[in-house]
Amino acid sequence: MRRREVIKTGVCATGLLGLAGCSGGGTGTEGESTSQSRTTTGGSAGSQTSSAGGDAIKIGTLHALAPPVIDAAKQEQRGVKLAVNRINEAGGIDGQQVEVIHENTNANPKTALEKAQRLIENENVDLLYGANLSPSALRIAPYTNEENTPYLTPVSSTALAGEACQQSTFPTNIDPTTRSKAIVPTMLERSGSQGWIHILDFAWGHDVRDGVQAALADRDAEVLDVTTSALDATDFSNVVSQISSADPDWAYLGVAGGALVGFLKQAQQFGLAEQVDLYGPASSQPTRQGAGGAIEGYVSQARFTPFYDSAENDQFVSSFAAEYDSLPNDYAKDAWEALHLYKAAVEEAGTTSFGDVTAALESVQVVGPMGEVSFRECDHSCQRPVHVAEMVASEEYGYPCGDIITTLDSESKMVPCEESGCSR
Amino acid sequence: MSFSNLFVVQLLNGVALGLLYVLVASGLSVIFGVSGILNFAHGSLYMLGAYLGVVVMGATGNFWLALLLAPLLVGAASGVIERLTLHHLYDRPVAYQLLLTFGLSLMIIEGTGAVFGSQRAFPTPEALAGPIQFGGIFYPKYRLFVIGASILVSIGIWAFFRYTDFGLVVRAGSQNREMVKSLGIDVSRYFTLVFVLGSVLAAVAGVLAAPLFAVNTNMGNEILLVSFIVVILGGLGSFRGSVIAGLLIGVTTTLGETYVPQLTGFYIYGILLGTLLLRPQGLFGQYDLAKVASKASKISYQRRIDPVPIRDRRALAAVAVMALIPIIAVGVGSAYYVGVLSIMLVWGLIALSLDLALGRLGLLSFGHAAFFGLGAYATGLLFLNATNSLLVALLVAVPLTVAVAWLVGAVSIRFAGVFFAMVTLAITQLFYQLSVTWTDLTGGSDGLTALPSPTLLGVTVDSTVVFYYITLASVVVTYGLVVRMLDSPFGRVIEAIREGERRTSFLGYDTSVYKRRTLALSGGVAGVAGVLYAGSQSVVTPNVLHWTISGDALFSVILGGMGTLFGPLIGGGIYAGMQLLLSSYIDSWRFVLGLLLVLTVMFAPRGLVSVYSKLAGFVGPRFGRPDGSAGEGGPSVPEASANASEENR
């Protein structure tokens, strides 16, 4: 199996200078972002509508407006609104204007399903997007299939493109198993062969562990131990001490969210970060914001950085900055990208009917802010570049962002179609 | 690092964690010891301390100033909160106080998030950054500081209560409030001061914890649960007990997770359960458990509101309206609201099941999430592995939840009040942990996915409307059975136990048997709700076993009207519908929900049924029951009060 690796360095530093204008004063492509036909609500509450009137395409979005991801989810909502405004300004989707209805999942799987039901059964939306937690997405996916409604989700659960795959469902991020497989070669090259794996005891953590172990299987590497913390753990001092005592070359963390923030803070206090290189698939904006300086040096996949050097990213970041006077985050980028994927699929299909649109989604390719995105036909796994990045300080954000070390393609790291477990 | 050095480091880790628990728990313990209130807002005050610490740090760059100012600000805020709310509720049953503080907690968390953001960074103070070496050990300076600061604060609290007049009054008040009152001391003033002091301690812990953990608006939830456990484990009101229990939990979990990692996640609840079963009053509890328990659990209603029999014309009219709704909803082109109604009915059933234990028997249970969740998981597993017949699911899941509830009763029925609440909470969390950990059976955190549609008598039920009618029929039958069972000699014994357990036992009844049976019945009703829930959803996740389901049910019971059975049924439905509605239109909907909780507890303690009975009394007796019980007017606040008559005899 061949893999394509593109070495990129110094993107974060270059980008920092390049962005100074657009984040500060809303310059750049400000003219483009002037709204013409939108009637946005201005606030960010759920069940709000940005509409274009007429025979519009209706998109329902689900946002986890609950602590601790509420701020990130509000950015996601902004990403949706921005994408809809831009699409409508450019003539809509295949000539039809787009109307969007936002709903709040409360970061609760039960509520997420209930809100999905409202959007589909009551609002008759043509597309469902969102629900940024894997238990929520796993609940919604089979329902959308029953209701013949396409569902795009930023959730990166391995199961969504595996045994829980559905014809309706397209995860727009790479699953943690594939992501981990992509990070491992860089980790071994940079840090050495001896390591430690620590995960949280839940499905996502298990996927990460399996991905790393699979990637290490045919390589000259030794895992000293695999340790596990409870899903709701906050104190990791015992694990940090164990890793410090064993003194491996690297530690791979299947830990996310507030738990990762706590782990990194405690690792910094123990001096572990200076002793052992830390890697992991998770580095979302709330995590970087919460960890602050403690995440610097940690290497992960950069889902998004506003400093990535591409014309599409420049356009997205400057539009967002002009509209909201702030930098977009991962969630905003995901939303922007998903809506453009849907646009491409409907235009390819020439209709919004379920069968045609899902078939089109299996074949379209869109160049998003962080590179080309598409879906594998057999299981709808997301195919996009994996940007392996080291977290470095960023004055513009006020908290660290990813400085890309290497970019790889995800296709070569995915499990073969016949082994994915998807049998839809 | 050698084994012995690593052991010492892990011991220090456990001590640092344990002392942090001690700081939070000692504030909780002091408040409980004096006022008898189990303060669910304590975790949010800990979180507020951390946030205000961030703000002071941001403004001044000085950690020490943050450590001083943030707790003072939290103390001032908590004083105002206590005077406006809790101060008026000290004579109410535990359930009301608990719910009020839960509402306050929601308001504080949402308010903090709205003002300061849901996530903040809090770096380690520069002077305390990095590790220090002693012997062959490197240990973080900041953790050593936390250990030292916690010990100092703990000694300070102990000395304060031991050697000051204030401490003397507080200690006396915690042992016998009436005696202190009779000496001419205004105890209520001390309640406020103790609440402020407890909150200051929570905030100190919050600032100390901020450089260790993620600072977000959820940070208080986890430590609150552990702190409750520390307080109960140590012995209610025992400061020494809290210190020992905090250290025991901190050290046991740290060493346990290091050397026996297979039990990770089970240690805390296992320790609590084990200790209470062996020593019910906790490690250092000095009191007569039976006396404290009976005092804490008694609920006596000044005004009876009897359950409405299912054959009553009002009940029949309500059922008829419910039966007509889908026809209208489908007529206007939306089956969605029919699905929402199904969920509301299921939620009503959960509230009804809790009311059986709490309203009819005085048992403040947090175990109902376990009964509900087990019903849902049993159904999910049956659907996936054996049959998707709804009747078979009911026949399997309901006896299972009855059996589990009976067993829970067998080990915990000797407790009451907050003791019973904590033991059942520990059992619920053990089930929750099991559902997350036992991936092969439960599907782990993702739960049981892709459940097939249920069948009834061989016909697949894949229509929302049909399932709604099944749910409605199940609710009607269950409610009718429950009301019928309670309108019997069995029901009258239950009522007698709630009003006075000792008197009932003097009459020759084995009260424990009746309590166990009622809890089993209650568990069965929650099981029915679980079956219906799983039948209407395509997935069952660990959330259904989380203790917060019990918290929601508690609010539903009080919102509807505790002890009336039909009130909680309505309250549960309204609560579920309200959550969906509020969250659709308001960002900070939890703040609104918290405010509603607070207002309900303070101004409508008998819930919605009292509104109805007042209206009925106003309109005329012809709308009331023949005996006039539901149509009576009369005062509504306070209508349910802690009945201390029995133990005062």
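**Stop 1: a charged pair in chain A**

Start by selecting E103(A) and K115(A): they form a salt bridge whose closest N and O atoms are 3.3 Å apart. Keep in mind as you explore that this is a predicted model. The pair links distant parts of the chain, with E103(A) in strand β4 (residues 98–104) and K115(A) in helix α3 (residues 109–122), 12 residues apart. Are these two residues buried or exposed? E103(A) has a relative accessible area of 0%, so it is buried. K115(A) is at 1% relative accessibility and therefore counts as buried.

Now add K58(A), R118(A) and E123(A) to your selection. Together with E103(A) and K115(A), they are linked in a network of salt bridges. Side chains of opposite charge can pair when their charged atoms come close.

**Stop 2: a bridge between two helices**

Next, select R86(A) and E323(A), whose side chains meet in a salt bridge at 3.6 Å, N to O. Which helices does this pair link? R86(A) is in helix α2 (residues 70–89) and E323(A) is in helix α11 (residues 311–324), with their positions 237 residues apart in the chain. R86(A) counts as buried because its relative accessibility is 8%, and the cut-off for buried is under 20%.

**Stop 3: rings in chain A**

Stay with helix α11 of chain A and select F316(A), then W336(A) in helix α12; the two residues are 20 residues apart. A pair of aromatic rings is described by the distance of the centres and the angle of the planes. Here the centres are 5.0 Å apart and the planes of F316(A) and W336(A) are at 45 degrees, so the pair is tilted. F316(A) is buried at 0% relative accessibility, and W336(A) is buried at 7%.

Which residues make up the aromatic cluster here? Select F304(A), F320(A) and Y324(A) as well: with F316(A) and W336(A), they form one cluster.

**Stop 4: two crossing helices**

Follow helix α12 (residues 330–349) of chain A and show helix α13 (residues 354–361) beside it. Their axes come within 8 Å and cross at roughly 115 degrees, and the crossing is right-handed. To see the contact, select L341(A), Y342(A), A345(A), V346(A), E348(A) and A349(A) in α12(A), which meet D356(A), V357(A), A360(A) and L361(A) in α13(A). What kinds of residues are these? The contact divides into 8 nonpolar, no polar and 2 charged residues.

**Stop 5: a buried serine**

Select S180(A), found in helix α5 (residues 176–191) of chain A. S180(A) counts as buried because its relative accessibility is 0%. What does S180(A) contact, leaving aside its neighbours within four places in sequence? The residues to light up are V208(A), G211(A), V212(A), Y252(A) and P281(A).

**Stop 6: over to chain B**

Switch chains and select E495(B) and R360(B), whose side chains meet in a salt bridge at 3.8 Å, N to O. E495(B) lies in helix α20 (residues 489–499) and R360(B) in the loop between α14 (336–357) and α15 (368–385), so the pair ties together parts that are 135 residues apart in sequence. Both residues, E495(B) and R360(B), are buried.

**A last look**

Zoom out to finish. How many salt bridges are there over all chains? A search of the whole structure finds 21. For aromatic pairs, the count over all chains comes to 31.

Key
Residues are numbered from 1 along each chain as its sequence is written. Chains are lettered from A and ligands numbered from 1 in the order in which they are written. This is a predicted model: local features need pLDDT of at least 70, side-chain atom pairs count only at pLDDT 80 or more; totals for chains, interfaces and linings use all residues. Side-chain values use heavy atoms; hydrogens and water are left out. Helices (H or I, at least four residues) and strands (E, at least two) are DSSP runs, numbered from the N terminus. Buried means under 20% relative accessible area, exposed over 50%, partly exposed in between (1.4 Å probe, protein chains only). Contact means heavy atoms within 4.5 Å. A salt bridge is a side-chain nitrogen of Lys or Arg within 4 Å of a carboxyl oxygen of Asp or Glu. Axes are lines fitted to C-alpha atoms, for helices over the stretch in contact, and angles run from 0 to 180 degrees between N-to-C directions. A crossing is left-handed if the near helix is turned anticlockwise from the far one by less than a right angle, and right-handed if clockwise. Ala, Val, Leu, Ile, Met, Phe, Trp, Tyr, Cys and Pro count as nonpolar, Asp, Glu, Lys and Arg as charged, and the others, Gly among them, as polar. Rings of Phe, Tyr and Trp (its six-membered ring) pair if their centres lie within 6.5 Å; planes under 30 degrees apart count as stacked, over 60 as edge-to-face and the rest as tilted.
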